Amino acid sequence: MDIISITFLSKSENIKIARSVVQKFLSQKAVNEQDIFDTELAVNEAIANIIEHTYKFEKDKIIKMTLKWTEPNVLEIYLRDFGPKVDPSKVKPRPLEEIRPGGLGIYIIQKIFDVMEFKDVSCGNLLLLKKEYNI
């Protein structure tokens, strides 16, 4: 097992740092470039959702991202925030036939990850994203 964790403020520009950590972590595991890009994109969407919907673009809130690599070739990403509780039943992708900008983050996350699940925590939210890679 291999674990790395970073904590950062809820500034949009910090998403690039989180993506970079995901990219470096997965490249060390011999994950192919397309899978790395897809994973980065989904993490980007998940963090952007925390910043926009949970923290309402406040730039001084805490986000913690933990990457855990388990055998055989499974990545678990934990995204932790300390904002208002999210109702998981309301976290759904919009219909794809609705032509308008935005609103596809959940669709992208669910398409790329095998598991997208909110874990019960006493305050805030903990999102688990899980994917098995073919290596």
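Start by selecting strand S3, residues 74–81, in this predicted model. Color Val-74, Glu-76, Tyr-78 and Arg-80 one way, and Leu-75, Ile-77, Leu-79 and Asp-81 another: these sets lie on opposite sides of S3, and both are buried. Here buried means under 20% relative accessible area. With eight of its eight residues buried, S3 is largely enclosed by the rest of the structure, so expect to find surroundings on either face of the strand.

Next, add strand S2, residues 62–70. S2 and S3 pair in the antiparallel sense, over eight bridges. Two pairs are good to click on: Lys-68 has Glu-76 as its bridge partner in S3, and Thr-70 has Val-74.

Now follow the chain from S2 to S3. Three residues lie between the strands of this hairpin, and Asn-73 takes a positive phi near 60°.

Then bring in strand S5, residues 125–132. S5 and S3 run antiparallel and are joined by eight bridges. Select Ile-77 and look across to Leu-129, its bridge partner in S5.

Finally, show the whole sheet. What is the order of its five strands? Reading across, you pass S1, S2, S3, S5 and S4, in an open sheet with antiparallel pairing. Strand S1 (2–9) and strand S4 (115–119) stand at the edges; each has a single partner strand, so one side of each is left without a neighbour in the sheet. Turn the view as you go across: the twist averages 15° from one strand to the next. To display what links strands in a sheet, turn on backbone hydrogen bonds, through which strands pair.

Technical notes:
Residues numbered from 1 in each chain as written. Predicted model: local features only at pLDDT ≥ 70, side-chain atom pairs only at ≥ 80, totals over all residues. Heavy atoms only, no water. Buried < 20%, exposed > 50% of the residue type's maximum accessible area, 1.4 Å probe, protein only. Helix = DSSP H or I, 4+ residues; strand = E, 2+ residues; numbered from the N terminus. Pairing = 2+ DSSP bridges. Axes fitted to C-alpha atoms, helices over the stretch in contact; angles between N-to-C directions.
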